[in-house]
Amino acid sequence: HPVRAPAPAVVLLVTLGLGAAAAQPPRDRALADLRRSDPAARRAAVQTLAEVGQMADLPALAATLSDADPVVRVTTQEAMWQVWSRSGDDAIDQIFDIGVEQLQLGQLDNAVATFSQVIQRKPDFAEGWNKRATVYYLLGEYTKSLADCDQVVRRNPYHWGALSGYGMIYVKLDQPARALEYYEKALAVNPNLSLKDIIERLRAEVLQRRKNSI
């Protein structure tokens, strides 16, 4: 039997469907692919969001921190840090990168000044506050570091780095109960963090202090 050519209307519908799929923005397609059963598709989606993801995508990415696939979990952590580190303003990003380099070189006073400039110019950029909190911690200025951590989590409640930062500061301030609280919050956001040992130690210390106070 001769093969019948598809009707023009069918060809048109198929063509339109392919065109619509091709026209879907990469970010939208990646967000949809995070929910696919194929691990390879989820891995590719996370990689795409690392490049083009926005702060509004953090809830979807945070859910993927518990993905069944270990590669997806690891790459999601990296992707979230990349999203956090983009302010949406190239000029601000350039200043931010200078501050990161100063921090890495141990030029802490210069880094404080640079990150303060970032914060002044773009106060909604949570990572500017987080990096200055890190510098203040390294300088031993724990009250200032805590204040900056407050600004971070107000803008980005998924920032397990800042939540862990609270824990580190409260350990330094000899407040194990507060440290435990924030380490547990960090682990609740990102179950891949290596915090179980320190959480167990802090629980034991808190329990011992309660016994001693009776």
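Axes here are lines fitted to C-alpha atoms, for helices over the stretch in contact, and angles run from 0 to 180 degrees between N-to-C directions. All views show a predicted model.

**View 1. Helices H2 and H3 cross obliquely.** Helix H2 covers residues 26-33, and helix H3 covers residues 39-52. Their axes come within 8 Å and cross at roughly 140°. Oblique is the label because angles over 145 degrees would be needed for roughly antiparallel. H2 passes H3 in a left-handed crossing. On the H2 side, the contact is made by Pro26, Arg27, Ala30, Leu31 and Asp33. H3 supplies Ala41, Arg42, Ala45, Thr48, Leu49 and Val52. By class, seven of the contact residues are nonpolar, one is polar and three are charged.

**View 2. Threonine 64 is a buried residue of helix H4.** Helix H4 spans residues 58-64. Threonine 64 has 6% relative accessibility, so it counts as buried. Setting aside neighbours within four places in sequence, threonine 64 touches Leu34, Val46, Val72, Arg73 and Thr76. Arginine 42, from the H3 side of the contact in View 1, is a useful marker here. Threonine 64 and arginine 42 are 22 residues apart in sequence. Their C-alpha atoms are 8.9 Å apart in space.

**View 3. Helices H9 and H10 pack roughly antiparallel.** Helix H9 takes in residues 142-155, and helix H10 takes in residues 160-172. The packing angle is about 160°, and the axes lie 10 Å apart. That angle is over 145 degrees, and therefore the pair counts as roughly antiparallel. The crossing of H9 and H10 is left-handed. Contact residues on H9 are Tyr142, Ser145, Leu146, Cys149, Asp150, Val152 and Val153. Those on H10 are Ala162, Leu163, Tyr166, Ile169, Tyr170 and Lys172. The classes are ten nonpolar, one polar and two charged.

**View 4. Tyrosine 166 sits in the largest nonpolar core.** This core holds 37 residues. Met80, Trp160, Tyr166 and Leu195 touch the most other members. Helix H11, residues 176-189, gives the core its largest share, seven residues. Apart from this core lies another, of 13 residues, including Ile92, Leu103, Phe115 and Val118. Tyrosine 166 also belongs to the H9 and H10 contact of View 3. Not counting residues up to four places away in sequence, tyrosine 166 touches Leu146, Cys149, Asp150, Val153 and Tyr182.

**View 5. Aspartate 174 has a positive phi in the loop between H10 and H11.** Most residues other than glycine have a negative phi. Aspartate 174 is not a glycine, yet its phi is about 60°. At 47% relative accessibility, aspartate 174 counts as partly exposed. The cut-off for exposed is over 50%.

**View 6. The whole chain has twelve helices and zero strands.** From the N terminus on, the elements run α-α-α-α-α-α-α-α-α-α-α-α. The chain has 214 residues, and buried residues make up 40% of them. Consider contacts between residues at least 6 apart in sequence. Of these, 52% join residues at least 24 apart.

Definitions and conventions
Residues are numbered from 1 along each chain as its sequence is written. This is a predicted model: local features need pLDDT of at least 70, side-chain atom pairs count only at pLDDT 80 or more; totals for chains, interfaces and linings use all residues. Side-chain values use heavy atoms; hydrogens and water are left out. A nonpolar core is a set of buried Ala, Val, Leu, Ile, Met, Phe, Trp, Tyr and Cys residues joined through side-chain atoms within 4.5 Å. Buried means under 20% relative accessible area, exposed over 50%, partly exposed in between (1.4 Å probe, protein chains only). Helices (H or I, at least four residues) and strands (E, at least two) are DSSP runs, numbered from the N terminus. Contact means heavy atoms within 4.5 Å. Angles under 35 degrees count as roughly parallel, over 145 as roughly antiparallel, 65 to 115 as roughly perpendicular and the rest as oblique. A crossing is left-handed if the near helix is turned anticlockwise from the far one by less than a right angle, and right-handed if clockwise. Ala, Val, Leu, Ile, Met, Phe, Trp, Tyr, Cys and Pro count as nonpolar, Asp, Glu, Lys and Arg as charged, and the others, Gly among them, as polar.
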